[in-house]
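Hello,

Here is the structure I promised to pass on to you. Have a look at it first, and then read on for my notes.

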Amino acid sequence: MADIILTDKLLSSSAYSHIMNVPLAQVDIAAWLFALPEPEYQRCCPPDHITCASTTNDEGQQMSINVEMIGKTLMIQHNVAQTATPTLCRMVATSDAFSANGRTRVQVIWTLSAKAIDEKTCEYTNSVVAHPTQEFMDFIAKHNITFEEAAAGRQHDGGDHNRRETPLFAASIERAAMRRKTRSA
């Protein structure tokens with residue numbers, strides 16, 4: 001059964017940016033994301049980041065699987081690459097969310113991007129948007145939680161998580177760019 005995504009309802013949205021001290025031409029977000037070692041992922045938002053892996057779906061699209069805590073909710077993100085380039089990855093997931101009340105699903109759109117500032121620096125932006133599924137709406141109704149309450153909680157927890165992971169992702173991408181430059185020199 002396919003998930004019904006309620007794109008007209010916004011559960012949360014946050015975007016944070018951080019400066020990277022490498023030229024944009026050295027950045028390869030897709031290569032970094034799909035080769036990200038588990039210990040490096042864990043360093044990018046301790047103690048929230050638990051594990052990660054790369055795979056493909058049945059259609060052959062690249063996927064990044066991330067397991068992390070967002071507030072008190074364990075999220076298993078099944079991120080499918082809609083776009084995967086050196087300066088832009090747009091990942092869309094219907095993610096499993098495990099809370100004290102049980103399990104449900106939400107759609108998460110994760111956009112990782114970089115843009116040049118000058119010849120030596122660029123800006124990394126980490127954007128996360130979440131939409132409820134119909135299953136999520138039924139789940140919160142069953143637990144007498146209003147959508148407004150659920151959205152406020154997700155906005156708080158998701159925004160805090162994104163704020164903490166963005167500079168650490170940027171630093172990791174910067175280190176990967178520097179390693180690529182050293183290998184190619």
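Below is what I found, going from the whole chain to single residues.

Please keep in mind that this is a predicted model.

**The overall build**

The protein chain has four helices and seven strands. If you follow the chain from its N terminus, the order of the elements is β-α-α-β-β-β-β-β-β-α-α. With 185 residues, the globule rule gives a radius of gyration of 16 Å, and the chain comes close to that at 17 Å, so it is as compact as a globular protein of that length. Along the principal axes, the C-alpha atoms fill a box of roughly 60 × 35 × 30 Å.

How much of the chain is buried? Buried residues account for 45% of the 185. Looking at contacts between residues at least 6 apart in sequence, 60% of them join residues at least 24 apart.

On the outside, the protein chain exposes about 9,300 Å², and carbon and sulfur atoms supply 55% of that area. The chain carries 17 positive and 21 negative charges, and the mean positions of the two sets lie 6 Å apart.

**The nonpolar core**

The largest nonpolar core holds 41 residues, and Met 20, Ile 29 and Trp 32 are the ones that touch the most other members. At least two core residues come from each of these elements: helix H1 (29-34), strands E4 (73-84), E5 (88-99), E6 (102-116) and E7 (122-132), and helices H3 (134-142) and H4 (147-184). Which element gives the most to this core? That is H4, with eight residues.

Trp 32 is a good place to start when you turn the model around. Leaving aside residues up to four places away in sequence, Trp 32 touches Leu 112, Phe 169, Ser 172, Ile 173 and Ala 176. Of these partners, Leu 112 falls within the range of strand E6 (102-116).

**Two spots in the backbone**

Two loops are worth a visit as well. One of them, between helix H2 (38-43) and strand E2 (49-56), contains Pro 47. The peptide bond from Pro 46 to Pro 47 is cis, and its omega is near -5°.

The other is the loop between H3 and H4, where you will find Asn 144. Asn 144 is a residue other than glycine with a positive phi, near 55°. Is Asn 144 buried or exposed? Asn 144 is exposed, as its relative accessible area is 70%.

Enjoy exploring it, and do write back with any questions.

Best wishes

Methods:
Residues numbered from 1 in each chain as written. Predicted model: local features only at pLDDT ≥ 70, side-chain atom pairs only at ≥ 80, totals over all residues. Heavy atoms only, no water. Rg over C-alpha atoms; globule rule 2.2 N^0.38 Å. Buried < 20%, exposed > 50% of the residue type's maximum accessible area, 1.4 Å probe, protein only. Contact = heavy atoms within 4.5 Å. Areas by Shrake-Rupley, 256 points an atom, 1.4 Å probe, with all protein chains shown as cover. Lys, Arg positive; Asp, Glu negative; His and termini not counted. Charge placed at Lys NZ, Arg CZ, Asp CG, Glu CD. Core = buried A, V, L, I, M, F, W, Y, C linked by side-chain atoms within 4.5 Å.
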